[in-house]
Amino acid sequence: MSKPRLSSPDAARRRFALRQGGIMIAFALSVFAATLWVPQSELLHWLVIAAPLALLALWAWEFFKSIRDDDEMMQMLALRAISFSALLVLLLATMWGMLEILVGAPDLPSFLLLPAFASVYGVSATVMSIRR
Amino acid sequence: MKNSLRDLRKQKGWTQEDLAIELEVSRQTINALEAGRYDPSLPLAFRIARLFGRHIEDVFDDGRGPTARE
């Protein structure tokens with residue numbers, strides 16, 4: 001079967017999707033390891049804790065690289081989706097923080113911010129892309 | 001902005017994917033350009049016009065000037 005010909009931005013987006021999948025699987029495994037496994041060695045313990053953080057940084061690098069390699073229209077859509085998602089997540093997190101102070105709402109774990117951003121970004125980028 | 005990109009592409013017998021490869025943009029961008037839902041930047045408009053051996057105003061029409069240029 002012949003390989004489908006893709007333009008360079010389409011190929012870059014496909015590469016990013018594959019890498020993102022790999023990074024997310026590694027991230028999930030590393031979070032499980034950091035949560036469940038407490039090695040005897042101090043160094044190994046810190047390495048297990050550092051692994052998910054490094055994978056998040058790697059994801060961010062791949063994400064920005066995919067935007068850099070995209071064409072002008074897709075870059076515009078991505079930047080709009082990032083702006084919208086960042087604004088919405090920051091707004092809701094700040095509002096929740098106000099409720100924590102004012103009415104004693106439960107603490108919002110800050111590790112949820114990036115997944116919340118990624119979820120809103122995924123939906124908004126898809127909607128913007130379909131409308132375009 | 002109106003454009004004749006779809007007609008020019010079909011004259012060449014190219015698919016949207018072929019044109020995307022020639023212009024180094026995504027197929028989605030070609031689709032949006034042909035449907036008039038996205039106006040390209042000036043550098044991309046020049047690349048498109050040069051690819052088909054035309055002037056920019058032969059490919060794109062903002063509806064404000066003389067329509068065709070021979």
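Helices here are DSSP runs of H or I at least four residues long, numbered from the N terminus. With that in hand, let's take a walk through this structure, which is a predicted model.

## A starting point on helix 2

A:Leu53 sits in helix 2 of chain A, the run covering residues 42-68. Is A:Leu53 buried or exposed? Exposed means over 50% relative accessible area, and A:Leu53 has 56%, so it counts as exposed. Now look across to A:Ser30: the C-alpha atoms of A:Leu53 and A:Ser30 are 9.2 Å apart in space, while the two residues are 23 apart in sequence.

## Two pockets

Rolling a probe the size of a water molecule over the atoms shows where empty space is left. Here is how the largest pocket and the second largest pocket look side by side.

| Pocket | Volume | Lining residues | Nonpolar / polar / charged |
|---|---|---|---|
| Largest | about 470 Å³ | 20 residues | 12 / six / two |
| Second largest | about 320 Å³ | 14 residues | 13 / one / no charged |

Which residues of the largest pocket's lining lie nearest its centre? They are A:Arg13, A:Phe16, A:Phe63, A:Tyr121 and A:Ala125. Four helices of chain A each bring at least two residues to this lining: helix 1 (8-36), helix 2, helix 3 (72-103) and helix 4 (113-131). Helix 4 gives the most, with seven residues.

For the second largest pocket, the residues nearest the centre are A:Phe27, A:Leu56, A:Phe111, A:Leu114 and A:Pro115. Helix 1, helix 2 and helix 4 of chain A each supply at least two residues of the lining of this second pocket. Which helix provides the largest share? That would be helix 2 of chain A, with five residues.

## Salt bridges within chain A

Side chains of opposite charge can pair when their charged atoms come close. Over all chains, the count comes to eight salt bridges.

A good one to find is the pair A:Arg13 and A:Asp70, whose closest N and O atoms are 2.9 Å apart. A:Arg13 lies in helix 1 of chain A and A:Asp70 in the loop between helix 2 and helix 3, so the pair ties together parts that are 57 residues apart in sequence. You've already met A:Arg13, as one of the residues nearest the centre of the largest pocket.

How do these two partners sit relative to the surface? A:Arg13 has 27% relative accessibility, so it counts as partly exposed. A:Asp70 counts as buried because its relative accessible area is 16%, and buried means under 20%. Apart from its neighbours within four places in sequence, A:Asp70 is in contact with A:Pro9, A:Arg13 and A:Gln75.

Another pair to look for is A:Glu62 and A:Arg19, with the closest N and O atoms 3.4 Å apart. Why does this pair tie together parts that are 43 residues apart in sequence? Because A:Glu62 lies in helix 2 of chain A and A:Arg19 in helix 1 of chain A. A:Glu62 has a relative accessible area of 11%, so it is buried, whereas A:Arg19 is partly exposed at 37%.

## A salt bridge within chain B

Chain B has a pair to show as well. B:Arg9 forms a salt bridge with B:Glu34, and their closest N and O atoms are 2.4 Å apart. B:Arg9 lies in helix 1 of chain B (residues 5-12) and B:Glu34 in helix 3 of chain B (residues 27-34), so the pair ties together parts that are 25 residues apart in sequence. Both B:Arg9 and B:Glu34 are buried.

Back in chain A, there is also a network to spot: salt bridges that share partners join A:Asp10, A:Arg13 and A:Asp70 into one.

## Where the chains meet

Finally, turn to the place where the two chains touch. Here 16 residues of chain B are in contact with 15 residues of chain A. The area buried between chain B and chain A is about 1300 Å², with carbon and sulfur atoms giving 45% of it. How many salt bridges are counted between chain B and chain A? The count is one. In that salt bridge, the side chains of B:Asp18 and A:Arg5 meet at 2.9 Å, N to O.

How values were computed
Residues are numbered from 1 along each chain as its sequence is written. Chains are lettered from A and ligands numbered from 1 in the order in which they are written. This is a predicted model: local features need pLDDT of at least 70, side-chain atom pairs count only at pLDDT 80 or more; totals for chains, interfaces and linings use all residues. Side-chain values use heavy atoms; hydrogens and water are left out. Buried means under 20% relative accessible area, exposed over 50%, partly exposed in between (1.4 Å probe, protein chains only). On a 1 Å grid over the protein atoms alone, a cavity is a set of points where a 1.4 Å probe fits but cannot get out, and a pocket is an open set with protein on both sides within 12 Å along at least five of seven lines; lining residues have an atom within 4 Å of a point. Grid points are joined across faces, edges and corners, and a volume is the space filled by probe spheres set on the points. Ala, Val, Leu, Ile, Met, Phe, Trp, Tyr, Cys and Pro count as nonpolar, Asp, Glu, Lys and Arg as charged, and the others, Gly among them, as polar. Contact means heavy atoms within 4.5 Å. Buried area is the accessible area (1.4 Å probe) that two parts lose on being put together, summed over both. A salt bridge is a side-chain nitrogen of Lys or Arg within 4 Å of a carboxyl oxygen of Asp or Glu.
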